[in-house]
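Open the model in your viewer and keep the selection panel at hand. The tour goes stop by stop.

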Protein chains: 2
Amino acid sequence: MISKSQIKLISSLKLKKERYESGLFTVEGEKPVSELVKSGWPVELILVRSDWFEKERPVWLKDIQTNMELVSHHDMERMSQLNSASPVMAVARMKQPDWQWQRGGDGFVLVLDRLADPGNLGTIIRIADWFGFQGVLCSSDTVDFYNSKTIQASMGSVFRMPVAYGELTEWISKEDPQRVFATVLGGSPVNGQKFGTGGLLLIGSEAHGLHPDLIRLAGHKVTIPGFGAAESLNAAVAAGIMASWVKLGTG
Amino acid sequence: MISKSQIKLISSLKLKKERYESGLFTVEGEKPVSELVKSGWPVELILVRSDWFEKERPVWLKDIQTNMELVSHHDMERMSQLNSASPVMAVARMKQPDWQWQRGGDGFVLVLDRLADPGNLGTIIRIADWFGFQGVLCSSDTVDFYNSKTIQASMGSVFRMPVAYGELTEWISKEDPQRVFATVLGGSPVNGQKFGTGGLLLIGSEAHGLHPDLIRLAGHKVTIPGFGAAESLNAAVAAGIMASWVKLGTG
């Protein structure tokens, strides 16, 4: 049975500070938890609402090697970070050493500057996964990867894609500028751009765009042409459009 | 001064039922409210947090013709539908007759089937605005346009774009099938598709995709090719990618 102190610890993981002190984070929902289990990521504990478990008897939970606890509806609500708790939740261990990620071979990498919205970050990791990018590099001040909304929005892609945080100028300056593409306003249209076989695709936050120091390191400044009155696109939508042209354009 | 019953009414507008009974909805945040005012949409009341107003004296609020009330931090929190209330909120009147929208001239229209996420709907309306689509048609069971998350995510585009709800098969069957493009899995790749100068772009929900009856009405089944392990894309991201190829592709 789950103890009161465990419930308290798990519900505290909504705070970034508590996540980093304990090295633990939560994953909620049947699809994200099953993706977590499939990926081989280190899992500490799986919590399942007992009435749901009795009724559904989900096959994918039958043979798992991880500790599983049945909990009440009330306790699940206390631990959940969602408005309405899902019947399945996992407590997983952060993978610290993986932040020291090194690229291997040719291909594209997404580079994110100061993304502030956790849902957008998860959606962008899912985009990178869909288009077969090698990984995602984030500026140190980008929203925390272990935020439950990021995990949720990525639909399991966070457990597959290499994601690293660090000093972007350092990473970008190692790349040939002709292979660095900055997404900006007022650059050359994305549909006329040749992207080649690999390089870095830079995306800034909606509020601040890309930092000028990063734009300076890019050999190409690229824009998604607009035709209406909207002033901008959502950052995840812009990343998706850019990624589609990088992989599917005639470059 | 704002009365207790007004506070109660405004905070009840988070419920769809209350919005449709009163014909009112709320708009929160400086950018969305200023876009609302600019658009000429009928506004009943603008609420401004008094301490913020004293400090900021925002120019765009100076000359507005609408009733404006200064309210306390506490009252603003009670009326807000956001986790953390914004200093500006508007109560606006729904535009019922506009749902009977008729297309004029050539161009593209986005058609949304059973979208369930209010944030995605707002993001998609913003995409339609960016790419100069003529309007957005939604199936009757698509999430409510007046949901505060939809308004928020659209960044003002909801006040500019014609959006209509109704029976999609009826609308689509009026169009030449060669000008109807359904976004599906396993269709022809979007980067080889010619879209021409106008028509309908159909997008389904993440959970259910497009209804088979709608796919049957489309002359073209189009897919965003994937290269990695993700099973799908976020519906707004897919809409953004498709819209970019419709407008910027070589078709």
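Start where two helices cross: in this predicted model, helix 6 and helix 10 of chain A make a right-handed crossing. Select residues 118-130 for helix 6 and residues 235-248 for helix 10 of chain A. Their axes come within 9 Å and cross at roughly 10 degrees. Angles under 35 degrees count as roughly parallel, so helix 6 of chain A is roughly parallel to helix 10 of chain A.

Now show side chains. On helix 6 of chain A, pick N120(A), T123(A), I124(A) and I127(A). They meet A235(A), A236(A), A239(A), G240(A) and A243(A) of helix 10. Sorted by class, this contact has 6 nonpolar and 3 polar residues, with no charged ones.

Next, select residues 30-39 of chain A, helix 3. P32(A), V33(A), S34(A), E35(A) and L36(A) are buried there. What do the buried residues of helix 3 pack against? Colour strand 1 (24-28), strand 2 (43-49) and strand 4 (88-93) of chain A to see the partners. Just past the helix, stop at G40(A), where phi is positive, about 80 degrees.

Go back to E35(A) in helix 3. Its relative accessibility is 5%, so E35(A) counts as buried. Beyond its neighbours within four places in sequence, E35(A) contacts M155(A), G156(A), F159(A) and R160(A). E35(A) also touches E231(B) of the other chain.

Finish with both chains. A turn of 180 degrees, with a shift of 0.0 Å along the axis, lays chain A on chain B at an RMSD of 0.0 Å. The two copies are therefore related as by a two-fold rotation axis. The same surface serves both copies, as 100% of the contact residues of chain A recur in chain B.

Conventions. Residues are numbered from 1 along each chain as its sequence is written. Chains are lettered from A and ligands numbered from 1 in the order in which they are written. This is a predicted model: local features need pLDDT of at least 70, side-chain atom pairs count only at pLDDT 80 or more; totals for chains, interfaces and linings use all residues. Side-chain values use heavy atoms; hydrogens and water are left out. Buried means under 20% relative accessible area, exposed over 50%, partly exposed in between (1.4 Å probe, protein chains only). Helices (H or I, at least four residues) and strands (E, at least two) are DSSP runs, numbered from the N terminus. Contact means heavy atoms within 4.5 Å. Copies are superposed by least squares on the C-alpha atoms of residues with pLDDT of at least 70 in both. Axes are lines fitted to C-alpha atoms, for helices over the stretch in contact, and angles run from 0 to 180 degrees between N-to-C directions. Angles under 35 degrees count as roughly parallel, over 145 as roughly antiparallel, 65 to 115 as roughly perpendicular and the rest as oblique. A crossing is left-handed if the near helix is turned anticlockwise from the far one by less than a right angle, and right-handed if clockwise. Ala, Val, Leu, Ile, Met, Phe, Trp, Tyr, Cys and Pro count as nonpolar, Asp, Glu, Lys and Arg as charged, and the others, Gly among them, as polar.
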